[in-house]
Amino acid sequence: MQFAFTDDQLALQKTVREFAERRVKPLAHEIDKKARYPQELVAEMAELGLMGMEVDVDYGGSGFDAISYVIAMEEISAACASTGVIMSVNNSLVCHPLKTFGSDAQKKEWLTPLAMGEKLGCFMLSEPEAGSDAAAQRTVAERVDGGYVINGVKNWITNGPQADIGILQCMTDKSKGHRGISTFIIDMKDKGVEAGPKDDKLGIRGSHSCQIFFTDHFVPDARMLGSEGSGFKVAMSTLDAGRIGIAAQALGIGKGAFEAAARYAGDRKTFGKPIIQHQAIGFMLADMETELDAARLLTYRAADLKQRGERHTKESAMCKLMASEVANKVAKDAVQIFGGNGYVTEYPVERAFRDAKITEIYEGTSEIQRVVIAASILKSIST
Ligand code: CAA
């Protein structure tokens, strides 16, 4: 077991941290205030190779490992959580399933422009009546000559308003339950695919989500990803990867809030000394850093398993659960340390407090992560 980054990982961390400080952080307040999609930052992240980090260079990616992806996601999200999730959806929920389940032709046509950051992706699993219960979806793909015709509606689709390419899960055979779900690659600008108005959200306001409506949308056979009926497994294993990305986003939100609170506690004086020297605040900061580090190590472990090609369903759920709950606690305590200043939008911890909440909800709520972990415990004691 090694607890040290490689030289390449250290170099990446330095580059991304510098970019996040210089370009992302100064825009984060305005992005949040105006709920503005940060187009220019997405383009600059593409230039840095951050939109298809784990994709091979042959398919337009930058060929980094899974730990490097966590490192980069944390740095970007520490500066701006909205920018972080745009990157994470493209990497883990779109590039990852195309890389894992796509044919060579599909990778050339669809993965390459996504990994290069020329196009943006979204992942369409949830529906108005199927969030946590992902197998209860109703969107239907009906077999026709040469392909399928799709009808239905998808909900809370991150990157939906901007996406060029989508990964869609829908029912090809309702009678088979989750074994009747299949995955398709969708050209989001094609006929019969329409984005609804963007959601007005509590946090991550620069990352846009919306409903996506499918009306008699034709998809040719060549756009099925994986085999017919394998869609639920494609979705679940994609989420195993995605949850590592959201854990890293949560770590970034927590890190940003912690660092701001530590600096503030060193400057702000009450009763004749910096507030960090009051035990109540010093202990709070000690817990914040300790818990963030614990969540970070869980996240690196899940990424390491993924990198080695081992099953990491439980470990992904554990790191996502822990990192998202720690991020919320850290952001709440950071607001407390800032006192009145923490409650106004002038300081970044107010934004961190709002941004952190979604990490306990999307890509599986904390309750779903506990379901996944408990199912794994049950399996281990039954075998
Ligand atoms: N990898 C591969 N296969 C898996 C798997 C995994 N991680 N998890 C389950 N499966 C397989 C099972 O082995 C089983 O296979 P068989 O058909 O061969 O038996 C099959 O899938 C069904 O498994 P379950 O019986 O466990 O399925 P379930 O219906 O009880 O659901 C669940 C399990 C964990 C609750 C799942 O529904 C789930 O993860 N729900 C949460 C969905 C979610 O995270 N949504 C987020 C939307 S995406 C998003 O948020 C994106 C964004 O905008 C940022």
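How many salt bridges does a search of the whole structure find? The search turns up 26. Keep in mind as you read that this is a predicted model. Here are my notes, point by point.

1. **A salt bridge across the chain.** Start with Arg 17 and Glu 75, which form a salt bridge whose closest N and O atoms sit 2.8 Å apart. This pair ties together distant parts of the chain: Arg 17 belongs to helix H1 and Glu 75 to helix H3 (residues 66–79), with their positions 58 residues apart. The two ends have their own settings. Arg 17 is partly exposed, because its relative accessible area is 36%. Glu 75 has a relative accessibility of 5%, so this residue counts as buried.

2. **Arg 22 and Glu 18.** Now look at a pair inside one helix. Arg 22 makes a salt bridge with Glu 18, and the closest N and O atoms are 2.8 Å apart. Both residues lie in helix H1, four residues apart, which is about one turn of the helix. With 47% relative accessibility, Arg 22 counts as partly exposed, and Glu 18, at 41%, counts as partly exposed too.

3. **Glu 21 and Lys 25.** Here is another pair in helix H1. The salt bridge between Glu 21 and Lys 25 has its closest N and O atoms 3.3 Å apart. Why are Glu 21 and Lys 25 separated by about one helical turn? Because they are four residues apart in helix H1. Glu 21 comes out as partly exposed at 45% relative accessibility, and Lys 25 as partly exposed at 37%. Beyond single pairs, salt bridges with shared partners join Arg 17, Glu 75, Lys 255 and Glu 259 into one network.

4. **Who surrounds the ligand.** The ligand has 25 residues around it, and the closest are Ser 132, Thr 158, His 178, Arg 243 and Glu 363. Sorted by class, this shell holds eleven nonpolar, eight polar and six charged residues.

5. **Polar contacts to the ligand.** Zoom in on individual atoms. A nitrogen atom of the ligand lies 2.8 Å from a backbone N or O atom of Ser 132. Another residue to check is Thr 313, where an N or O atom of the side chain is 3.3 Å from a ligand nitrogen. For Arg 243, a polar side-chain atom lies 2.9 Å from an oxygen atom of the ligand. On its own the ligand has 1100 Å² of accessible area, and the protein covers 73% of that.

6. **Which elements build the shell.** Four elements give two or more residues each to the shell around the ligand: helix H4 (81–101), strand E3 (147–158), helix H6 (231–267) and helix H10 (366–382). Which of the elements gives the most? That is H6, with seven residues.

7. **Glu 363, a ligand neighbour with positive phi.** Glu 363 is among the closest residues to the ligand, and its backbone deserves a look. Its phi is near 55°, a positive value in a residue that is not glycine. You will find Glu 363 in the loop between helix H9 (348–357) and H10. Its relative accessibility is 11%, so Glu 363 counts as buried.

8. **Asn 159, another positive phi.** Asn 159 is not a glycine either, yet it has a positive phi of about 75°. This residue is in the loop between E3 and strand E4 (165–171). Is Asn 159 buried or exposed? It counts as buried, because its relative accessibility is 0%.

9. **Ser 88 inside H4.** Ser 88 is placed in helix H4. Its relative accessibility is 0%, so Ser 88 counts as buried. If you want a partner from elsewhere in the chain, try Met 51: it is 37 residues away along the chain, and the C-alpha atoms of the two are 8.1 Å apart.

10. **A nonpolar patch on the surface.** Last, turn to the outside. Met 1, Phe 3 and Leu 297 make a nonpolar surface patch of about 460 Å². Met 1 belongs to the segment before helix H1 (7–34). Why does Met 1 count as exposed? Because its relative accessibility is 91%, and the cut-off for exposed is over 50%.

Technical notes. Residues numbered from 1 in each chain as written. Predicted model: local features only at pLDDT ≥ 70, side-chain atom pairs only at ≥ 80, totals over all residues. Heavy atoms only, no water. Patch = residues over 30% accessible without salt bridge, like charges linked within 9 Å, V, L, I, M, F, W, Y side chains within 5 Å. Areas by Shrake-Rupley, 256 points an atom, 1.4 Å probe, with all protein chains shown as cover. Salt bridge = Lys/Arg side-chain N within 4 Å of Asp/Glu carboxyl O. Buried < 20%, exposed > 50% of the residue type's maximum accessible area, 1.4 Å probe, protein only. Near = heavy atom within 4 Å. Polar contact = N/O pair within 3.5 Å; in protein donor to acceptor, adjacent residues only side chain to side chain. Nonpolar A, V, L, I, M, F, W, Y, C, P; charged D, E, K, R; others polar.
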